[in-house]
Amino acid sequence: VNLTIILVRNIVDMYISLKKARMVGTYTRVDTTVLKIDFNCDEFEEYKKCIELWRTTAKKEVVKYNIPYIILKYEDLVSIPVHEQGLYISSEVGKHSIDLGHFSIPKNVRPKQDKEVLYENKIKNYAEFLECTGQYLI
């Protein structure tokens, strides 16, 4: 049985991650928590269009070829302990009558590199970010 897993992530977080990776020259093994990016609205809107196009195209293709698929949210996955992520994936896949058997995520999986949760602590020009994205402080 075929099953496509489409992993999605919050586009703002993806953009910030990309900008930070460019700052340090890598996506891996560097703690970027204290870094703040320069937010560029035009660049972000272009990036967002590309990601949304990819997601739409991926969904259309699996539907077109009648391939079952599930969408997993990155935020859901990383919000649970690493040792439970395999169970989460198995459970989601199991909803399509696919048994992955027992597996676990390796213990040496790379740690989350940006532990900051507040956008205002990730973005130098936070006011521009708010204006561009329509995000508001609550």
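Is E92 buried or exposed, and what is its relative accessible area? E92 is buried, with a relative accessible area of 18%, where buried stands for under 20% relative accessible area, exposed for over 50%, and partly exposed for the range in between (1.4 Å probe, protein chains only). The structure is a predicted model, in which local features need pLDDT of at least 70 and side-chain atom pairs count only at pLDDT 80 or more, while totals for chains, interfaces and linings use all residues. Residues are numbered from 1 along each chain as its sequence is written, and side-chain values use heavy atoms, with hydrogens and water left out.

The protein chain contains 5 helices and 2 strands, taken as DSSP runs numbered from the N terminus (helices H or I, at least four residues; strands E, at least two). Read from the N terminus, these elements follow the order β-α-α-β-α-α-α. Of the 138 residues in the protein chain, 30% are buried, and the chain exposes about 9,500 Å², 55% of which is supplied by carbon and sulfur atoms, with accessible areas obtained by the Shrake-Rupley method with a 1.4 Å probe and, for residues, only the protein chains shown counted as cover. Where contacts (heavy atoms within 4.5 Å) join residues at least 6 apart in sequence, 67% of them join residues at least 24 apart.

In helix α5, which spans residues 126-133, the residues Y126, F129, L130 and C132 are buried. Seen down the axis of α5, these buried residues fall within an arc of 170°, so they line one face of the helix; the arc is that of the directions from the helix axis to the C-beta atoms. They pack against α1 (11-24) and α2 (41-64), whereas the face turned away from the buried side carries the exposed residues A127 and E131. After α5 comes G134, whose phi is positive, near 75°.

The largest nonpolar core, meaning a set of buried Ala, Val, Leu, Ile, Met, Phe, Trp, Tyr and Cys residues joined through side-chain atoms within 4.5 Å, has 17 residues, of which F39, F44, Y47, Y119, I123 and F129 touch the most other members. Helices α1, α2 and α5 each supply at least two residues of this core, and its largest share, 6 residues, comes from α1. Leaving aside residues up to four places away in sequence, Y119 touches N10, V12, D13, I16, Y126 and F129. A second, separate core of 6 residues includes L72, L77, I89 and V93.

The structure holds 7 salt bridges, each defined as a side-chain nitrogen of Lys or Arg within 4 Å of a carboxyl oxygen of Asp or Glu. One of them joins the side chains of K20 and D114 (2.8 Å, N to O) and links distant parts of the chain, with K20 in helix α1 and D114 in the loop between α4 (82-94) and α5, 94 residues apart. Both partners are buried, K20 with a relative accessible area of 1% and D114 with 12%. In another salt bridge, between K115 and D31, the closest N and O atoms are 4.0 Å apart; K115 lies in the loop between α4 and α5 and D31 in the loop between α1 and α2, so the pair ties together parts that are 84 residues apart in sequence. K115 and D31 are both exposed. The side chains of E92 and K95 also meet in a salt bridge (3.1 Å, N to O), in which E92 is buried and K95, at 58% relative accessibility, counts as exposed. In addition, K19, R22 and E43 are linked in a network of salt bridges.
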